[in-house]
Amino acid sequence: MQPDPGIGRDAPGARTPLLLKVFGVLLIVGGAVLVPEVVAVLVQMGQVFVEGSYADDSVLTIILYVTLVVGVSYTVLCSVVLGVRLLLGKRRRARLVAESMAVALVVAFLADLLLFGVNPGLWFLGASALILITAHVFVDPSLSEERELQRKLRLMETREDAEEGILGLDKTGKGYIELDFFNLFWIFVIASVAGVVIESVYHVLVVDFGHYEDRAGLLWGPFSPIYGFGAVLMTMALNRFHNAPVWVVFLVSAVIGGAFEYFVSWFMEYAFGAVAWDYTGTFLNIHGRTNFMFMCMWGVLGVVWVRLALPALLHTVNLIPWRWRYSVTVVCAVLMLLDGAMTLVALDCWYSRLAGLPPDNALEQFCAQHFDNQWMENRFESMSINPDAAHRSS
């Protein structure tokens, strides 16, 4: 069995590179930075149980508190352990530990956001994530010259694949496309734009004939992230089903699409008291968050996506010159992340204003000035926010 090139081997007597020592210290510092977050949540939970006010919280709120504590505590422990091991020059299983920390950070971030909205605790988690990502890049034991050689070899392979017309395809034959970041990111972007177009046309022709309504889901640009994430999920789930019977693709797509639509609706209502769609009263609806008709639409979209749209999309993406593809993707990914983060912040500020809470920091003041209630209502025409419907703690 070939060793994982990202794991590395401990070499007794070998001199620990200075860079690894630096990142070992940073990981320890990153873990220490999160300690106040753990202590604060534990104190808050202790006060709740001492006062007996936990009875006023839902079971889900208590679960989120426990999830937050466990996620952050695990991150602190692994960060310190990994940092100490790097200081000692031990890189074995470093990638596995780092990836498990990344999962724990994502879980903790979502739990924190659901409980408290956008708050200072998220910045502690973000700082730790930044340290983790940076350290993860340099934990790879291969020398910088070797990494540069590998990068040049990948570029050569990319150029050869582009000339042969197989760029982006799954060379193993198990699936249709290669599930790498480049492909999945552009699937997200293009599907997000296509989702806005589809919803806008459907609303003009079916829901309210002749009336245009802005169906975008982000602050800037014609993007509907629910369709983008839905397309990514569909691609990952159906990649190996590209030659399966139509009815199999339809059923898998309907189940995944309906479940995803339900989760997004629940998340928005729980975190922000926001309702962007309500199917209550329709045939076979599930708590008004999804229904039979829209699950069937997800099924049809899945079939169209796998059989027609995905090949066309891959061809379109490959029109990006191979010399520019990675730099263009990185720039666009950063812009999309900024758009998504600012959307969450603006929604949280909108929620706070409707709840009667005055801005108490510079970011909230910025949102109040540039993204006031009227601006948000015009941008998210199909969405309404009712703070009383939110279930988070604050």
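Is helix 7 mostly covered or mostly exposed, and how many of its 14 residues are buried? Select helix 7, residues 225-238. The helix is mostly covered, with ten of 14 residues buried. Keep in mind throughout that this is a predicted model.

**Stop 1: helix 7**

Color the buried positions. They are Pro 225, Ile 226, Tyr 227, Gly 228, Gly 230, Ala 231, Val 232, Met 234, Thr 235 and Leu 238. Now show what they pack against: helix 6 (181-207), helix 8 and helix 9 (292-317). Check the length next. From first C-alpha to last, helix 7 reaches 19 Å. The expected value is 20 Å at 1.5 Å a residue, so the two are close.

**Stop 2: the whole chain**

Zoom out and switch to cartoon. Twelve helices and two strands make up the secondary structure. Along the sequence the pattern reads α-α-α-α-α-α-α-α-β-α-α-α-α-β. Of the 394 residues, 41% are buried. Turn on the surface. About 21,600 Å² is exposed, and carbon and sulfur atoms supply 68% of that area. Contacts across the sequence matter for the next stops. Among contacts with a separation of 6 or more, 76% join residues 24 or more positions apart.

**Stop 3: the cores**

Select Leu 68, Val 72, Leu 347 and Met 376. Within the largest nonpolar core, which has 47 residues, these four touch the most other members. Several helices feed this core with at least two residues each: helix 1 (18-51), helix 2 (59-87), helix 3 (94-116), helix 4 (120-139), helix 7, helix 8 (246-272) and helix 10 (325-354). Center on Leu 347. Beyond its neighbours within four places in sequence, Leu 347 is in contact with Phe 272, Met 376, Phe 380, Met 383 and Ile 385. Then look for a second, separate core. That one has 29 residues, including Leu 184, Ala 191, Val 248 and Ile 320.

**Stop 4: helix 10 and its partners**

Select helix 10. Its 30 residues should span 44 Å at 1.5 Å a residue, and the end C-alpha atoms lie 43 Å apart, which agrees. Just after helix 10, find Gly 356, where phi is positive at about 80°.

Next, pick Val 118, in the loop between helix 3 and helix 4. Draw a distance from its C-alpha to that of Ala 346. The separation is 9.5 Å, although the two residues are 228 apart along the chain. Leaving out residues up to four places away in sequence, Val 118 touches Leu 113, Leu 344, Val 345 and Asp 348.

Move to Phe 185, which lies in helix 6. Phe 185 has a relative accessible area of 9%, so this residue counts as buried. Its C-alpha sits 9.8 Å from that of Met 336, 151 residues away along the chain. With residues up to four places away set aside, Phe 185 touches Thr 329, Cys 332, Ala 333 and Met 336.

**Stop 5: the cysteines**

Stay on Cys 332. At 24% relative accessible area, Cys 332 is partly exposed. Cys 296 is partly exposed too, at 23%. How many disulfides does the structure hold? The count is zero.

**Stop 6: the loop between strand 1 and helix 9**

Select Thr 290, in the loop between strand 1 (274-275) and helix 9. Is Thr 290 buried or exposed? Thr 290 is buried, with a relative accessible area of 1%. Show its side chain with that of Glu 261: a polar contact of 3.0 Å joins them. Then expand the selection. Apart from neighbours within four places in sequence, Thr 290 is in contact with Gly 258, Glu 261, Tyr 262, Tyr 279, Leu 284, Asn 285 and Met 295.

Follow that list to Leu 284, found in the loop between strand 1 and helix 9. Leu 284 is exposed, with a relative accessible area of 52%. Its phi is positive, about 50°, although Leu 284 is not a glycine.

Finish on His 287, also in the loop between strand 1 and helix 9. His 287 has a positive phi of about 55° and is not a glycine. At 63% relative accessibility, His 287 counts as exposed.

How values were computed:
Residues numbered from 1 in each chain as written. Predicted model: local features only at pLDDT ≥ 70, side-chain atom pairs only at ≥ 80, totals over all residues. Heavy atoms only, no water. Core = buried A, V, L, I, M, F, W, Y, C linked by side-chain atoms within 4.5 Å. Buried < 20%, exposed > 50% of the residue type's maximum accessible area, 1.4 Å probe, protein only. Helix = DSSP H or I, 4+ residues; strand = E, 2+ residues; numbered from the N terminus. Contact = heavy atoms within 4.5 Å. Disulfide = S-S within 2.5 Å. Areas by Shrake-Rupley, 256 points an atom, 1.4 Å probe, with all protein chains shown as cover. Polar contact = N/O pair within 3.5 Å; in protein donor to acceptor, adjacent residues only side chain to side chain.
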